[in-house]
Structures are given as C-alpha cells and as structure tokens.
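Please work through the following exercises with the sequence and the structure at hand. Each task is followed by a solution in steps.

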Amino acid sequence: MLDKVARTAEARDALLTFAQARADIVSGPEANVPLATLLGWVETYLMREHPDLGRTGAVCPFTRQAARIDTARLAICGAGPDEEERAFALIRGSFGALDAIPCKPAMVHFRTVIVGFPNCAGERGVAMLQSIQKRHKFYSLSRGRMIGLMYEGSDAPGLWNRDFRPLRAPLPVLAIRHMVEHDAPFAARHPLLLAPYLAKFRLAGAKRLIDHLRGQG
C-alpha cells in the first residue's frame, strides 16, 4: 500500500498542466526540448483537424476538451530502453495521479495523462514501452481506463481512414485516460475491450456499437 502511495505521489509530482509546461519551457534553467516537442505535438496535432483523418473534428477531441477544462497533464520520463521498471513505476503511479486531477464531478471522464519518453525513440525503447502497455492491459481495463502507445513509426491504421496513421508522434508517448461511451469503435476493434466497455455503458454502449458496425457495413 505504501509503495502504491509513493508511486502515485512521484507520478503526481512529475505531471504538469499545460500552463506549467509552457512556463517550464520558457523560463526553465535550460531548454526543455522533449517537453516542448510533446506540448507542440499535443497542441498542433492531437487537438487539430487533419485532412487524412476521415472525419471532421480534431484528431483527438477528447484531448482538446481536456485541455480546455484543465484536466490534461503532461510529463517527460527520462527512462531508457534498459529501465523498464523505472518507466513502469511512473506509469503505474500515473493511474492514481489521474484520479487526483481536480475537476467537477461531471468532467472526471476528461482526465488524461500524457507521458513522453525521449530516450526510447529506437526499436528497443519502443519494445520496452510496448511491454509496459501490455503489462497494464488488464489493470487499465478493470478500472475503466485506456492506455495507448504512440511513436514515430506506428503503423496502427485509423478508424475512419485505414490509410491514415493517427498514432504517430515525434517521440514515444504513453497516454492514459478514462474509457468513454464514444470508445465504441475501439471496443469493436479490440476483443479484450469489448466486455469492459459493455459492462460500463450497458444499453447505451451496445447501441453505439451497433450504430458503429452498421456504419461500417
């Protein structure tokens, strides 16, 4: 229990609001290139429209809303490919830190944590982060959370345009957020997500799934 509390506290200390990130980039003792890269990618890619997305709106409308109401947090982890347990501890603690982000009760589902790993850009680093994502798969789903990995060479296809690669980022990123009702397309694609999704959203979720599958036909 103490270890869990310590990990959560460490993760919470590492997380920055967008305003804090901008201030750190501008007035920090030295240039924080990884943080500037992460913030720039979030603001100019995730929160913007893209001509190849296959639908209207931002690449990640969830992140845009989270930024607007100040429930998004950013962090940089310096762990390299041989430091999986260090990276794992930060991500595990980030689940608790996610739940501690202050917001109105009706807005809790917009909480999100985005962690950049500038020292994991190579093949070994990405493989390490994939291992961390896999180790958290059941942990996250059992708590109604989503954990996603984005990196420069990601070949994961888009939901609305399979030729688009929405999970590409200039540095490797692990992101944690709440599962929401609009995740029906993800639940339809990933069998492990389907049961937790339906358990959480029941009839409303089932309707969204049916509507999504009909639209794919």
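**Exercises on salt bridges**

**Exercise 1.** Determine whether R168 is buried, partly exposed or exposed, and state which residue D155 meets in a salt bridge.

Solution. The model is a predicted one. R168 has a relative accessibility of 36%, so it counts as partly exposed. Its side chain and that of D155 meet in a salt bridge, with N and O 3.0 Å apart. Both D155 and R168 lie in the loop between β3 and β4, 13 residues apart. D155, at 53% relative accessibility, counts as exposed because the cut-off for that class is over 50%.

**Exercise 2.** Describe the surroundings of R145 and decide whether R145 is buried or exposed.

Solution. First, locate the residue: R145 belongs to strand β3, residues 145-150. Next, apply the cut-off: buried means under 20%, and R145 has 12% relative accessibility, so R145 is buried. Then consider the partners. R145 forms a salt bridge with D99, the closest N and O atoms being 3.0 Å apart. This pair links distant parts of the chain, since D99 is in helix α5 (residues 84-99) and 46 residues separate the two. D99 is partly exposed at 37%. Finally, the side chains of R145 and H178 are joined by a polar contact of 3.3 Å.

**Exercise 3.** Which parts of the chain does the pair of E43 and R22 tie together?

Solution. The side chains of E43 and R22 form a salt bridge of 2.5 Å, N to O. E43 lies in helix α3 (residues 33-46) and R22 in helix α2 (residues 18-27), so the pair ties together parts 21 residues apart in sequence.

Notes: Residues are numbered from 1 along each chain as its sequence is written. This is a predicted model: local features need pLDDT of at least 70, side-chain atom pairs count only at pLDDT 80 or more; totals for chains, interfaces and linings use all residues. Side-chain values use heavy atoms; hydrogens and water are left out. Helices (H or I, at least four residues) and strands (E, at least two) are DSSP runs, numbered from the N terminus. Buried means under 20% relative accessible area, exposed over 50%, partly exposed in between (1.4 Å probe, protein chains only). A polar contact is a pair of N or O atoms within 3.5 Å; within protein, one must be able to donate a hydrogen and the other to accept it, and residues adjacent in sequence count only if both atoms are side-chain atoms. A salt bridge is a side-chain nitrogen of Lys or Arg within 4 Å of a carboxyl oxygen of Asp or Glu.
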